[in-house]
Amino acid sequence: MGRGRVHLRRIENKINRQVTFCKRRAGLLKKAHEISVLCDADVALIVFSNKGKLFEFSSDSSMDKILEKYERYSYSEQHFMTGTASEPQEIWPAEYPKLTSRLEVLQRNIRNYSGQELDPLSFRELQQLEQQIDTALKRVRLRKNQLLHDSVSELQKKEKALQEQNNLLAKKLLEKEKTLNVAQWEPQNSSAFILPQPPPPPPHPFSALTIGGTFQARGVDGDTRAHQTQPSSSSTLMPPWMIRHVNGLEG
């Protein structure tokens with residue numbers, strides 16, 4: 001005889017109920033993982049224990065992507081079935097619980113990313129959280145290194161521009177100093193190399209001629225007085241032809 005049909009009902013014993021929950025939960029997560037790998041399907045599994053403890057599994061790296069996909073699909077299907085869009089008064093009461101649950105999930109993920117409330121997480125969930133944090137950390141480091149590289153490149157460009165400007169100013173200053181040195185050197189050279197003026201030619205040598213003699217002078221009273229001209233203390237310079245003429249007259 002085959003086994004009869006087993007009727008499912010709540011296990012009254014707390015210990016047995018907890019043991020059964022752990023076993024069935026592990027089997028359920030395993031089956032969800034297998035179907036996601038074998039069939040390449042997007043699987044999202046959410047389980048809450050009787051104490052409110054959350055257990056979840058997602059084939060994708062993020063549960064939010066699968067939930068968003070589910071919401072878009074459910075909304076489009078509902079719109080297709082009704083044929084017309086519902087009134088806002090009818091939409092918001094149905095959307096409010098979804099938005100509230102999604103907000104709770106996001107807040108819990110934020111707390112988990114900051115290292116809080118990690119006790120309810122299983123080993124697999126901790127591995128997924130670690131992978132997500134590592135991926136985010138790699139992206140942050142990559143972006144930081146890129147910004148640092150861009151900053152260094154910009155500083156190098158500024159340094160090169162300042163160096164070129166400095167070289168140009170130094171060149172202009174050197175040219176100005178050379179111009180000033182040349183301007184100061186030219187007057188000194190012009191005064192140092194002035195040729196001396198030749199002295200004036202000496203006068204022609206003339207023979208000194210003394211003209212002297214006695215002459216008589218008659219006074220008013222008829223007396224004749226002999227006056228002898230005194231030789232002049234100063235010699236008169238005469239040209240040679242005049243000397244010869246005077247000598248001829250005396251002879």
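## A first look at the predicted model

This is a predicted model, and the mean pLDDT of the protein comes out at 75, with 65% of its residues reaching 70 or more. One stretch needs some care: over residues 206-235, pLDDT stays under 50. For that stretch the model has 32 contacts beyond four places in sequence.

Here is the general layout. The protein has five helices and six strands. If you read along the sequence, they come in the pattern α-β-β-α-α-α-β-β-β-β-α. Buried residues make up 11% of the 251 residues in the protein. As for how the chain meets itself, take the contacts between residues at least 6 apart in sequence: 37% of them join residues at least 24 apart.

### The opening helix

A good place to start is α1, which covers residues 14-38. With its 25 residues, α1 reaches 36 Å from its first C-alpha to its last, close to the 36 Å expected at 1.5 Å a residue. Its N-terminal end is capped by N13, where a side-chain oxygen lies 3.0 Å from the backbone nitrogen of I15.

Which residues of α1 are buried? They include R17, A32 and S36. And what do the buried residues of α1 pack against? The answer is β1 and β2.

V37 also lies in helix α1, but this residue is exposed, with a relative accessible area of 56%. V37 counts as exposed because its 56% is over the 50% cut-off. In sequence, V37 and S59 are 22 residues apart, while in space their C-alpha atoms are 8.2 Å apart.

Just past the helix comes D40: α1 is followed by this residue, whose phi is positive, near 50 degrees. D40 is found in the loop between α1 and β1, and it has that positive phi although it is not a glycine. D40 is exposed too, with a relative accessible area of 70%.

### The hairpin and the core

Next up are β1 and β2, which form a hairpin with five residues between them. The two strands pair in the antiparallel sense over five bridges. One of the pairs to look for is F48 with its bridge partner L54 in β2. In the turn, G52 has a positive phi of about 85 degrees.

S49 is another residue worth a look, in the loop between β1 and β2. Is S49 buried or exposed? S49 is buried, because its relative accessible area of 16% falls under the 20% cut-off. Leaving aside its neighbours within four places in sequence, S49 is in contact with F21 and F55.

The largest nonpolar core has six residues, namely A32, V43, L45, V47, F55 and F57. Both β1 (44-48) and β2 (54-58) supply at least two residues of this core. β2 itself is mostly covered, with four of its five residues buried.

Zoom in on F57, one of the core residues. Not counting residues up to four places away in sequence, F57 touches L29, A32, H33, S36, V43, A44, L45, M63, R124 and Q128. Among those partners are A32 and S36, which are also buried residues of α1.

### Further along the chain

Moving on, R102 is found in helix α3, which runs over residues 88-113. R102 is partly exposed, with a relative accessible area of 27%. Not counting residues up to four places away in sequence, R102 touches E68 and E71. R102 and D64 are 38 residues apart in sequence, and their C-alpha atoms are 8.2 Å apart in space.

After α3, have a look at E117, in the loop between α3 and α4 (123-192). E117 has a positive phi of about 55 degrees although it is not a glycine. At 44% relative accessibility, E117 counts as partly exposed.

### Five residues side by side

Here are the accessibility values from the tour, gathered in one place.

| Residue | Relative accessible area | Class |
|---|---|---|
| V37 | 56% | exposed |
| D40 | 70% | exposed |
| S49 | 16% | buried |
| R102 | 27% | partly exposed |
| E117 | 44% | partly exposed |

To find these in the structure, look for V37 in helix α1, D40 in the loop between α1 and β1, and S49 in the loop between β1 and β2. R102 is in helix α3, and E117 is in the loop between α3 and α4.

Notes: Residues are numbered from 1 along each chain as its sequence is written. This is a predicted model: local features need pLDDT of at least 70, side-chain atom pairs count only at pLDDT 80 or more; totals for chains, interfaces and linings use all residues. Side-chain values use heavy atoms; hydrogens and water are left out. pLDDT is the predictor's confidence in each residue, from 0 to 100. Contact means heavy atoms within 4.5 Å. A nonpolar core is a set of buried Ala, Val, Leu, Ile, Met, Phe, Trp, Tyr and Cys residues joined through side-chain atoms within 4.5 Å. Buried means under 20% relative accessible area, exposed over 50%, partly exposed in between (1.4 Å probe, protein chains only). Two strands pair if DSSP finds at least two bridges between them. The expected span of a helix is 1.5 Å times one less than its number of residues. A polar contact is a pair of N or O atoms within 3.5 Å; within protein, one must be able to donate a hydrogen and the other to accept it, and residues adjacent in sequence count only if both atoms are side-chain atoms.
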